[in-house]
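Morning, everyone. Please look at the sequence and the model on the screen while I talk.

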Amino acid sequence: MVDSRYKLFLNIAGNDVFEGNNYFSYNAPFPFLGFIRNSVGPQYRNAQGKIIFKDSYIETSSNGAPYHSNTTGDAKGPSIIYTINNKSAIAAYTRLRYAVNLNGINNSLADLITRSTNRPGLIGQKVDVSESALNANVYAEMGLTYGHVLMNNEENFFKFGVTVKRVVGLYNVHIIVDKGNYEIVRDNKDPNRNNIQINSIQGSYGYTMDESFKNAKIDPQWALGGLPAGSGFGLDLGFVYEYRPDYKKYIRRSSGTATLDPTQNKYEFKLGVSLLDFGSVRYNNGDLNYHFEMNQTNRLLTYQNFQDLNGYNDAFQRINNSLGLNNREIKFSSSLPTTLQVNFDYHIRGKYYVNTMWSQSLRKSQSIGMTVPSSFSVTPRMEHKWYEIAVPISLLDNYNIFTMGLAGRAGPVFMGSDNLPGLLSIGKPRGLDFYFGVFVPVFRKPPSLPNACWYEIPEKRPLKDRLMFWKKRKY
């Protein structure tokens, strides 16, 4: 942020959607992008014009490994970055984040989730669901950021940034199973239906009511008060080191002083280390929150118990009744997706760069909170003031998906995907990724009297010369 090429940067809107899993893959004869856009050919439609989607278009794994699925999204709202001077910058931003994380799922439970209780072979089979977890979270952020240059010692440049954010919890569902097992049994009243017999379950379970969404307002008083289902604070902290062996090439003369050209990248390489999203959301609104510590045995979930549902609140209440849960708590905490991020960017020459990014999640999947999957990527790019092209080669979804992408920027618009095969359905992809954004850049101006052959660091001038500022110097 600080020492950027922008005097002012206004983000209008943007979004990033990601899905990755190790259980099912997409194997339809038409791209998934065409499916969601309803643009597939007539040979894949029925007489009414609707898309025919066969069960065989989704292939499932049977290797027995614990399965997971991570669906995340990040909608960026209006934001602003302002460069105060060569050493400081400030920013304010808004965003909405959402994620569904499912972990520790075995073959039988995966079959139950995706194909209901009627799959042959499930009857009477005891299924262990210990150490499995479901987390669904939606929350809004409003943050303030300050960046400052700590050291500018010719070849060595060091800066930092810190963000303090207000986090408003809009929705949460969590099921954390420490120990448990179930089996599918025949319904005594209807032999054509099956029920779920929960033999035992220990862990945590909770949710927020639908009114948490309905009551949400774009209002600072609401966001800072006690009306949301939950609220809390978060922290981002990052440091960047730049190595600038050719810094003299970027020193310019302006109004009798020497300054580095703010319109140019001056590093040969830079290394950044950040701790992101340290904090949590405390759900403590007694009118909206339900939380239970479970230790239940011999509970039956029947088809009749869940007929004629009237919304999510009704569904959760029927689960509570079926499990015999009456020890309601109104407070629980949901962790932010704390991540360690390491970024190395190398300037090859001219417009050409290559970036290496490592992002490691620091949150356990077996806990209440949002998780952002770990990843590693190497991205060559061509960068210009008004356009940019990048080709990321990545290990996504906790290093389970090896893929490549394509991203571009033209003026104030950018879009791309880190998983292009998933978006275009090349091979049998196990996820997808897409992002876009629109912004308004106001670039910093170069010195009014550039002189690439002249250089001097103002801080290095003798004290006498610095005090006699009215006296024009000759060079």
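**Rings, a core and a helix**

Arg244 lies over the face of Phe157, 3.8 Å from the ring centre. Keep in mind that this is a predicted model. A second arginine does something similar: the charged end of Arg193 sits over the ring of Tyr303, at 3.6 Å from its centre.

Now rings with rings. How many aromatic pairs are there? The count comes to 30. Take Tyr26 and Phe53. Their ring centres are 6.2 Å apart and their planes meet at 40°, so this pair is tilted. Tyr26 belongs to strand 2, while Phe53 sits in the loop between helix 1 and strand 3, so the pair ties together parts that are 27 residues apart in sequence. Is Tyr26 buried or exposed? Buried, because its relative accessibility is 8%, under the 20% cut-off. Phe53 has 33%, so Phe53 counts as partly exposed. Both rings also belong to a cluster linked by ring pairs, including Phe30, Phe32 and Tyr44.

Another tilted pair is Tyr243 with Phe269: 5.4 Å between centres, 35° between planes. Tyr243 lies in strand 11 and Phe269 in strand 14, so here the parts tied together are 26 residues apart in sequence. Tyr243 is partly exposed at 24%. Phe269 is partly exposed too, at 23%.

Next, the inside. In soluble globular proteins, nonpolar side chains tend to be buried together. Here the largest nonpolar core has 32 residues, and Tyr182, Tyr205 and Tyr207 touch the most other members. Which element gives the most to this core? Strand 9, with seven residues. Tyr207 has contacts far along the chain, among them Asn172, Phe292, Phe316 and Phe332. Apart from this core lies another, of 13 residues, including Ala99 and Met370.

Phe316 takes us to helix 5, where Phe316 is one of the buried residues. Helix 5 runs from 311 to 323 and has 13 residues. Its span is 19 Å from first C-alpha to last, close to the expected 18 Å. What covers its buried residues includes strand 9, strand 10, helix 3 and strand 15. After helix 5 comes Gly324, with a positive phi near 70°.

Last stop: Asn21, in strand 1. Asn21 has 0% relative accessibility, so Asn21 counts as buried. Its side chain makes a polar contact of 3.5 Å with the side chain of Glu19. Further off in sequence, Asn21 is in contact with His68, Ser69, Asp397, Ile401 and Arg430.

That's my tour. Thanks for listening.

Terms used:
Residues numbered from 1 in each chain as written. Predicted model: local features only at pLDDT ≥ 70, side-chain atom pairs only at ≥ 80, totals over all residues. Heavy atoms only, no water. Helix = DSSP H or I, 4+ residues; strand = E, 2+ residues; numbered from the N terminus. Expected span 1.5 Å × (residues − 1). Buried < 20%, exposed > 50% of the residue type's maximum accessible area, 1.4 Å probe, protein only. Contact = heavy atoms within 4.5 Å. Core = buried A, V, L, I, M, F, W, Y, C linked by side-chain atoms within 4.5 Å. Polar contact = N/O pair within 3.5 Å; in protein donor to acceptor, adjacent residues only side chain to side chain. Phe/Tyr/Trp six-rings, centres within 6.5 Å; stacked < 30°, edge-to-face > 60°. Lys NZ or Arg CZ within 6 Å of the ring centre and 35° of its normal. Lists of a residue's contacts leave out its neighbours within four places in sequence.
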